[in-house]
Amino acid sequence: MEEIEIIYDKHGRMQYHPNFHFAHGQPFSESELEYICKYYDADHTRTIAFAVGRTEHTIRSKVNYLKRIGLFERYKNRNKYW
């Protein structure tokens with residue numbers, strides 16, 4: 001079985017890799033959104049990305065989107081799953 005090379009972009013973020021980004025292309029669950037928002041300010045984006053199986057770029061994009069539409073704080077303070 002051939003190993004797939006891990007590739008990083010110019011910012012040092014890992015590009016999509018099927019062994020690490022198992023949830024790639026799937027919709028975000030409410031639990032994932034709460035986890036991302038709750039730990040975004042306290043943990044590294046890379047750690048959060050590995051925890052939910054998505055790329056760092058996807059995590060940052062989702063956080064920016066949630067902040068823009070006013071849902072970031074709602075998920076951050078929800079306390080239903082985390």
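Start by selecting H21, which sits in the segment before α1. In this predicted model, H21 has a relative accessibility of 3% and therefore counts as buried, the cut-off for that class being under 20%. Now show what surrounds H21. Leaving out residues up to four places away in sequence, H21 touches M14, Q15 and Y16, and also G53, R54 and T55.

Stay in the segment before α1 and move to H24. Is H24 buried or partly exposed? Its relative accessibility is 43%, so H24 counts as partly exposed. With neighbours within four places in sequence set aside, H24 is in contact with Y16 and G53. Draw a distance from the C-alpha of H24 to the C-alpha of G53: the two are 6.8 Å apart in space, though 29 residues apart in sequence. Y16 and G53 also appear in the list of residues that H21 touches.

Next, look for empty space inside the model. How many cavities of 30 Å³ or more are there? The count comes to one. The largest cavity has a volume of about 40 Å³. To see its lining, select M14, H21, R46, A49, F50, R54 and E56. H21, the starting point of this tour, is thus one of the lining residues. Helix α2 gives the most to this lining, with three residues. Coloured by class, the lining shows three nonpolar, one polar and three charged residues.

From the cavity, go on to the helices. Select α2, residues 45-52, together with α3, residues 56-68. Their axes are 8 Å apart and the packing angle is about 100 degrees. Angles of 65 to 115 degrees count as roughly perpendicular, and α2 and α3 therefore stand roughly perpendicular to each other. Which residues make the contact? On the α2 side they are T45, R46, I48, A49 and V52, and on the α3 side E56, I59 and R60. In this contact of α2 with α3, four residues are nonpolar, one is polar and three are charged. R46, A49 and E56 can be kept selected from the previous stop, as they are among the residues lining the largest cavity.

Now keep α3 and add α1, residues 30-39. This pair packs at an angle of about 90 degrees, with axes 11 Å apart. That angle makes α1 roughly perpendicular to α3. To display the contact, pick L33, I36 and C37 in α1 and I59, K62, V63 and L66 in α3. By class, the contact of α1 with α3 has six nonpolar residues, no polar ones and one charged. I59 of α3 is listed here and also in the contact with α2.

Leave α1 on screen and colour by accessibility. Seven of the ten residues of α1 are buried, so the helix is mostly covered. Select E32, L33, E34, Y35, I36, C37 and K38 to see these buried residues. What do they pack against? Their partners are α2, α3 and α4, the last covering residues 72-76.

The last stop is N79, in the segment after α4. Its phi is near 60 degrees, a positive value in a residue other than glycine. Most residues other than glycine have a negative phi. With a relative accessible area of 52%, N79 is exposed. Show N79 beside H21 to end the tour: N79 is exposed, whereas H21 is buried.

Key:
Residues numbered from 1 in each chain as written. Predicted model: local features only at pLDDT ≥ 70, side-chain atom pairs only at ≥ 80, totals over all residues. Heavy atoms only, no water. Axes fitted to C-alpha atoms, helices over the stretch in contact; angles between N-to-C directions. Helix = DSSP H or I, 4+ residues; strand = E, 2+ residues; numbered from the N terminus. Parallel < 35°, antiparallel > 145°, perpendicular 65-115°, else oblique. Contact = heavy atoms within 4.5 Å. Nonpolar A, V, L, I, M, F, W, Y, C, P; charged D, E, K, R; others polar. Buried < 20%, exposed > 50% of the residue type's maximum accessible area, 1.4 Å probe, protein only. 1 Å grid on protein atoms, 1.4 Å probe; cavity = no way out; pocket = protein on both sides within 12 Å on 5 of 7 lines; lining within 4 Å. Points joined across faces, edges and corners; volume = space filled by probe spheres on them.
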